[in-house]
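Here is a friendly walk through one structure, with charged pairs, a surface patch and a small sheet as the stops. Please keep the viewer open while you read.

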Amino acid sequence: METHKTFPFQDPDLPLDARVDDLVSRLTLAEKAAQMLHEAPAIERLGIPPYNWWNECLHGVARAGVATVFPQAIGLAATWNTALHRRIAEVISDEARAKHHEAVRQGDYGRYKGLTFWSPNINIFRDPRWGRGQETYGEDPYLTAQMGIAFVEGLQGDDPRYLKVAACAKHYAVHSGPEADRHHFDARVTPRELWDTYLPAFEALVRAARVEIVMGAYNRTNGEPCCASPTLLGQILRERWGFGGHVTSDCWAIADLYKHHRVVETREQAAALAVNHGCDLNCGCTYDALPAAVEAGLIDEATIDRSLRRLFRTRFRLGMFDPPERVAYAQIPASVNDAPEHRALARQAAREAIVLLKNEGGLLPLDPALKTLAVIGPNADDAEVMWGNYNGIPSHSVTPLEGIRARVSPQTRVLFAPGCDLLDPATDGFAEALDAARHADVVIFVGGISQRVEGEEAIVDGVPHGDRESIGLPAVQESLLQQVFALGKPVVLVLLNGGPLSIPWADAHLPAILEAWYPGEEGGAAIADVLFGDYNPAGRLPVTVY
């Protein structure tokens, strides 16, 4: 984009605040409102390129093509290893920078190509049925805070002038489901619950990690919509904690103010209410009503300018208006994405995430020279189940079956039959799986759940999707597992899941059980490392299993 005039805000040697003030002073009211939408258009006359604020990197750069996919957040929490988590975040931000600058070189300013990442999710996992609990660091406020701090510091870097990327603490606050009700739900909490359970991690990320972005939640908290809450955004975040970054809404949450929470009646009132109380960016389109809100006397332009300064300050801190040679992070080459050392780190993380739930009689580790091994279960050879949600696409995934086959001796026969679908009650595949188990010395059953069972609010085939109705192992899997056990063979159960699974029958009958979560692109290799004794599992549960 050509710039026909040099403006003070383009001078990288001027103080940051002076540059921000100069830029904002040059915008019309309509331009200001447009810059407060997540899809901010270019301003040609000032040489300002378009920018899409929406990006995700929960456990790897997400939704932007090939990227290293680490274990899902709940699995990373099971490592209890903040140093490892910070290193993972450093790798993610390397890949993020590489992807961003390559996209800009190609003139691509679309969604998932920017440097503002709406991660991590530091909500507290209170109900095991919650579909998004997998995105969190579990139920403990202290563990959540420490893992969150490490992640934000790894993402944002340590340059005194520039942010590597901008991280986001979400969803603020008291957001732990239910998914189906999140657009109108009022989370009523006592002061003790608020301050001892729901707010500590947010305070830690603001005060200790200096997180650049906070995302307001969809729900209300004690009657106030989180994206327009004078208590949460004003009194606590800004005044008490001294937050200096910007606040974004969750996507289309501002529309909820009049459509679902019904605290106001119009788009203009919703936009004014949110900005007046400190929500600077609208993921959505309601803020295009701000000029009309000014005209109606619902908000003044000075308040809009306050939000604009916060938003542009973030873009300046990311180096977006400076020559690339001045920004060290802009020199990260595209070749770092999906690098071999990143894959190695994903394998290490998956190893450390695995929790040994049970090992009676010393069945584990298995002998890689076993004569015959049966691998069964619906998750044994499914690559996508390992990725979790808010994920990138790995260049290659190692499924549990592939990891096991690669680890056993060349003389070992590995028999495979999935046996059943994840959920479908059909038992057509039982016979083949039982035949494989009958001929094996040891059976490895890889089961659990997937994004078909748990995730974010959605309507799939006319049915609400998101939270689970049951926390047990799906009935068809339990039935197959019991029939395999009845053959008298040693059985190892490997679980892939985000939310906890209640497995009382397996606990009472099976000798060995591993919790592997959604383990990322190298999950199958890591599971094999544990099964055959190359790695001693030391993960710890970050959430109660009922």
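Helices and strands here are DSSP runs, with at least four residues for a helix and at least two for a strand, numbered from the N terminus. By that naming, Leu 357 sits in strand S9, which covers residues 355-359. Please keep in mind that this is a predicted model.

**A nonpolar patch**

Leu 357 is a good place to begin. Together with Leu 541 and Val 545, Leu 357 makes up a nonpolar patch on the surface, and the three share about 200 Å² of accessible area. Is Leu 357 buried or partly exposed? Its relative accessibility is 35%, so Leu 357 counts as partly exposed.

**Charged pairs**

In general, side chains of opposite charge can pair when their charged atoms come close. The structure contains 35 salt bridges, and the table shows some of them.

| Pair | Closest N to O distance |
|---|---|
| Arg 161 and Asp 322 | 3.9 Å |
| Arg 267 and Asp 288 | 2.6 Å |
| Arg 343 and Glu 521 | 3.4 Å |

Let us take these pairs in turn. Arg 161 and Asp 322 meet through their side chains in a salt bridge. This pair links distant parts of the chain, 161 residues apart: Arg 161 is in the loop between helix H5 (141-156) and strand S3 (168-172), while Asp 322 is in the loop between helix H12 (301-317) and helix H13 (340-353). Arg 161 is partly exposed, at 42% relative accessible area, whereas Asp 322 has 8% and is therefore counted as buried.

Next comes the salt bridge between Asp 288 and Arg 267. Asp 288 belongs to the loop between helix H10 (267-276) and helix H11 (290-295), and Arg 267 belongs to helix H10, so the pair ties together parts that lie 21 residues apart in sequence. Asp 288 is partly exposed at 43% relative accessibility, and Arg 267 is partly exposed at 28%.

Where do the partners of the salt bridge between Glu 521 and Arg 343 stand? Glu 521 is in the loop between strand S16 (512-515) and helix H18 (523-531), and Arg 343 is in helix H13; the pair links distant parts of the chain, 178 residues apart. Both Glu 521 and Arg 343 are buried.

Salt bridges can also share partners: Arg 132, Glu 135, Glu 179, Arg 182, Glu 456 and Glu 457 are joined into one network in this way.

**A three-stranded sheet**

The last stop is an open sheet of three strands in the order S3-S5-S8, with parallel pairing. S3 and S8 are at the edges with a single partner strand each, so each has one side without a neighbour in the sheet. On average, neighbouring strands of this sheet are turned by 25 degrees against each other, direction ignored.

How many bridges pair S3 with S5? There are three, in the parallel sense, and Tyr 172 stands opposite Gly 216 in S5. On the other pairing, four bridges join S5 to strand S8 (residues 246-249), again running parallel. There, Ile 213 faces His 246 of S8, and Gly 216 stands opposite Ser 249 of S8.

In a regular strand, side chains alternate between the two faces of the sheet. In strand S5 (residues 213-216), Ile 213 and Met 215 point one way, Val 214 and Gly 216 point the other way, and all are buried.

Methods: Residues numbered from 1 in each chain as written. Predicted model: local features only at pLDDT ≥ 70, side-chain atom pairs only at ≥ 80, totals over all residues. Heavy atoms only, no water. Salt bridge = Lys/Arg side-chain N within 4 Å of Asp/Glu carboxyl O. Buried < 20%, exposed > 50% of the residue type's maximum accessible area, 1.4 Å probe, protein only. Patch = residues over 30% accessible without salt bridge, like charges linked within 9 Å, V, L, I, M, F, W, Y side chains within 5 Å. Areas by Shrake-Rupley, 256 points an atom, 1.4 Å probe, with all protein chains shown as cover. Pairing = 2+ DSSP bridges. Axes fitted to C-alpha atoms, helices over the stretch in contact; angles between N-to-C directions.
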